[in-house]
Amino acid sequence: MNRFVLAFIACLWLPSALANDLYHASIPLDNGAQTSQQAAKKQGLSAVLTKVSGQRNLSDNPAVKQALQEVDSLITQLGYGEHEQGADGATQRTLEVGFDSQQVREILRQAGLPLWGSPRPSVLVWLVDDRGLERQIIWEQSERPVIDELRQAAALRGLPVLIPVGDFDDLMAISSSDLWGGFIQPVEQASERYQPDGIVIAKLTDQGVRWQLFPEANQMQTNQTRGQASDASAMIHSLADYYAQQTGVILDQDEDSASVVIAIGGIESGDDYVALEKTLANLNAVQSVHLRKLNDDTLVFDAQLAASQQALIKELTANREVRLMTMQEQEAYTASTSPTASEAANTAQPAVELEQGDQAVEQGESDSTQTLVPEPQPSAEKRLWFVWQP
């Protein structure tokens, strides 16, 4: 394992690995006039900022207002396209505009807005329609208007949405009554072939859409949230808001969050390492990371952060393949690697209590008298411990 990783890389550089389409917008044009194109550019930037931040209603933010006035300096790609409208095949001319990802990130930093990067969770949406004579499942191939609504809203928010195709396997695996009743076992089994990160059961009624979200497809029994929306598009916006809140990070670096050591155990094969590399490369809270050392199944990295340590913990553990290491696991690792005294002192604290430990040192807590209090020592290396569990 160690020889494989050392041969594979010496270090990783992670400035940004966000999907290009997050920084692209397609804006309808009323005509070819310059004023229309300039307005479309601003609409495109607003759409990209919403998509990348996961936040809506950004027009009142001063940093966003300033960026809109300087929109031309942010554009990296510009062209024209056509968008099909309606069933009659009519098309509308569009302005296709792409923006510089690093400059967009800087706008978010200045605006105090989160960055919701990629890859994003894929969400499988099961639709059951109760508006007719009998309840029916709406499949991807049914060509119903609600399918277009879902896709358009998902594209606007940058949320990967899957819709069951409705082939023989789907028809044999699940029924409308299973979905309407919210029976988890058949939904779980029918969803497995699509390998989604999250699952949604959406019930279409004359009053709107009632939806049930299972954020983690492999934990449907224990984790879910519900909501109501006026239509399918509004439901997608609510789902995007939820996921953005869970994994978006605020890009505000300070001295306490500038660097950290990340230890990740449970790496047992080359495949595990490749998957871990991909995970680290897509962390918004990380600017760069270097492999420091390997010990059995544990990799230790030096990381430069773009956000706080808590933001890193939140983002990394949002991945279902990563969890925080327990105290017992930390002790077992440090015992097997014979750490120095300073490392042992550091690992005696769980990752989420590092700041509390620093405060105790600053307060100079001691049973000794005032004259025997030692000189302040440098804080122990801050290390966050995780376990890889594919």
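Student: Let's start with strand 9: how many of its seven residues are buried?

Tutor: This is a predicted model, where local features need pLDDT of at least 70 and side-chain atom pairs count only at pLDDT 80 or more, while totals for chains, interfaces and linings use all residues. Residues are numbered from 1 along each chain as its sequence is written, and side-chain values use heavy atoms, with hydrogens and water left out. Helices (H or I, at least four residues) and strands (E, at least two) are DSSP runs numbered from the N terminus, and buried means under 20% relative accessible area, exposed over 50%, partly exposed in between (1.4 Å probe, protein chains only). Strand 9, residues 208-214, is mostly covered, and its number of buried residues is six.

Student: How many bridges join strand 8 to strand 9?

Tutor: Two strands pair if DSSP finds at least two bridges between them. Strand 8 (residues 198-205) and strand 9 form a hairpin with two residues between them, and lysine 203 has arginine 210 of strand 9 as its bridge partner. The two strands run antiparallel, and the number of bridges joining them is seven.

Student: Which residue of strand 10 stands opposite valine 209?

Tutor: Strand 9 is also joined to strand 10 (residues 225-229), by five bridges, and these two run antiparallel. Across from valine 209 in strand 10 stands alanine 229.

Student: Nice. Which residues touch the most other members of the largest nonpolar core?

Tutor: A nonpolar core is a set of buried Ala, Val, Leu, Ile, Met, Phe, Trp, Tyr and Cys residues joined through side-chain atoms within 4.5 Å. The largest one has 55 residues, and those touching the most other members are Ile264, Phe301 and Leu312.

Student: And which helix gives the largest share of this core?

Tutor: Apart from the largest core lies another core, of 26 residues, with Leu127, Ala153, Ile163 and Ala229 among them. In the largest core, the largest share is five residues, and they come from helix 2.

Student: Which residues does isoleucine 264 touch, leaving out those up to four places away in sequence?

Tutor: Contact here means heavy atoms within 4.5 Å. By that test isoleucine 264 touches Leu276, Leu280, Asp297, Thr298, Leu299, Phe301, Phe386 and Trp388.

Student: Why do the buried residues of helix 5 line one face?

Tutor: Helix 5 (residues 145-157) has 13 residues and reaches 19 Å from its first C-alpha to its last, close to the expected 18 Å, a span taken as 1.5 Å times one less than the number of residues. Its buried residues are Val146, Ile147, Leu150, Ala153, Ala154 and Arg157. They line one face because, seen down the helix axis, they fall within an arc (of the directions from the axis to the C-beta atoms) of 140 degrees.

Student: Which exposed residues does the other face of helix 5 carry?

Tutor: Just after this helix, glycine 158 takes a positive phi of about 70 degrees. The face of helix 5 turned away from its buried side carries the exposed residues Pro145, Ala155 and Leu156.

Student: Which residue of strand 16 stands opposite leucine 324?

Tutor: An open sheet of five strands, with mixed pairing, has the order 13-14-12-16-15. Its edge strands, strand 13 (286-295) and strand 15 (322-324), each pair on one side only. Strand 15 pairs with strand 16 (residues 383-388) in the antiparallel sense over three bridges, and in strand 16 the residue opposite leucine 324 is phenylalanine 386.

Student: Is proline 186 buried or exposed?

Tutor: Proline 186 sits in helix 8 (residues 184-191). Apart from neighbours within four places in sequence, proline 186 is in contact with Ala173, Ile174 and Asp178. Alanine 173 is 13 residues away in sequence and 6.9 Å away in space, C-alpha to C-alpha. The relative accessibility of proline 186 is 18%, so proline 186 counts as buried.

Student: What is the phi of glutamine 195?

Tutor: Most residues other than glycine have a negative phi. Asparagine 57 has a positive one, near 55 degrees, and is exposed, with a relative accessible area of 77%. Glutamine 195, in the loop between helix 8 and strand 8, counts as exposed at 55% relative accessibility. The phi of glutamine 195 is also positive, near 50 degrees.

Student: Finally, what percentage of the protein's residues is buried?

Tutor: The protein has 14 helices and 16 strands. Among its 390 residues, the buried ones make up 45%.
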